[in-house]
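Open the model in your viewer and get ready to select residues. We will go from one aromatic ring to the next.

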Amino acid sequence: MKEFGVAWKPQAELPGAGFRNMMDWRYGIHDPALSARRGYQPDAAEQARYEAALRADESRPAPSADTEALLGGIEAPARSPAGVSPEVRGGTKNGRPIPPGGCFGQARATLGSSTRGVTPLVDRLTFDSYPASLETPEVKAVFARWSACMAQHGHHYAAPMDADQDPRFRPNPAGVSQQEIDTALADLACREEHQVTRVWFTAESRIQEGYIRDNAARLKADRRSLDRVVRVAEATLAGE
């Protein structure tokens, strides 16, 4: 983009709110101190930072049609010919030819990966293993024990996800209710008493280990591709 005389920065990554990574809240909440203040909600300060960053991002001026075309290429069907300058529509900017797929296309070609090194196979297997774990006998059994424990506290849910996703708890303009806090703390106590997370994690890990065995060759190839993409990215950045 600099070579085309365009100042452009990628969208800043939004600050985290709640979970720290894809595994943090995969099996639900786990922080009694936070739940005593916020129930099933993220920390208030984290949530405020996230919402402020989101508003700031949404207030950014939209890129011009030429900038969009330089980023994604003039081949994209979404490009509106009426909004793109004649020069860019003709395939050049400031006398320089626009690469196939624009600057994003050039970056993908440089990396040698259309997915920037991310493996769709791992994403799919990670996504598939979660619902598969819910169908295992041990997870169904531990959920039943958890549900009975919650009922003793006056809360009636079939599974931990049902409590976390209770529509009474979000969004709540009045803030976190005492009912939500009481439910979350009972949820944590019942999880701990019956070792819900340990049983659930063990079951899903077993499923994922099976996926790894069944897809070993493809996963190894993806690993090599990812390593290659990282090396190219490091070398490219070092040369700037």
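**A tour of the rings**

Start by selecting Phe 169. Its relative accessibility is 1%, so Phe 169 counts as buried. Keep in mind that this is a predicted model.

How is a pair of aromatic rings described? By the distance of the centres and the angle of the planes.

Now add Tyr 40. Tyr 40 is buried as well, because its relative accessible area is 1% and the cut-off for buried is under 20%. The ring centres of Tyr 40 and Phe 169 are 5.9 Å apart, with the planes at 15°, so this pair is stacked. Follow the chain between them: the two residues lie 129 residues apart. Tyr 40 sits in the loop between H1 and helix H2 (44-58). Phe 169 sits in the loop between helix H8 (160-164) and helix H9 (178-194).

How many aromatic pairs are there? The count is six. For another one, select Tyr 27 and Trp 200. This pair is tilted, at 4.9 Å centre to centre and 55° between the planes. Tyr 27 lies in the segment before helix H1 (32-38), and Trp 200 lies in helix H10, 173 residues away. Are these two buried or exposed? Both Tyr 27 and Trp 200 are buried.

Next, widen the selection. Tyr 27, Trp 200, Tyr 130, Phe 143 and Phe 201 make up one aromatic cluster.

Finish on Phe 201. Find it in helix H10 (residues 196-214). Phe 201 counts as partly exposed because its relative accessibility is 42%. Show the surface and add Met 22 and Met 23. With Phe 201, they make a nonpolar surface patch of about 310 Å².

Methods
Residues numbered from 1 in each chain as written. Predicted model: local features only at pLDDT ≥ 70, side-chain atom pairs only at ≥ 80, totals over all residues. Heavy atoms only, no water. Patch = residues over 30% accessible without salt bridge, like charges linked within 9 Å, V, L, I, M, F, W, Y side chains within 5 Å. Areas by Shrake-Rupley, 256 points an atom, 1.4 Å probe, with all protein chains shown as cover. Salt bridge = Lys/Arg side-chain N within 4 Å of Asp/Glu carboxyl O. Helix = DSSP H or I, 4+ residues; strand = E, 2+ residues; numbered from the N terminus. Buried < 20%, exposed > 50% of the residue type's maximum accessible area, 1.4 Å probe, protein only. Phe/Tyr/Trp six-rings, centres within 6.5 Å; stacked < 30°, edge-to-face > 60°.
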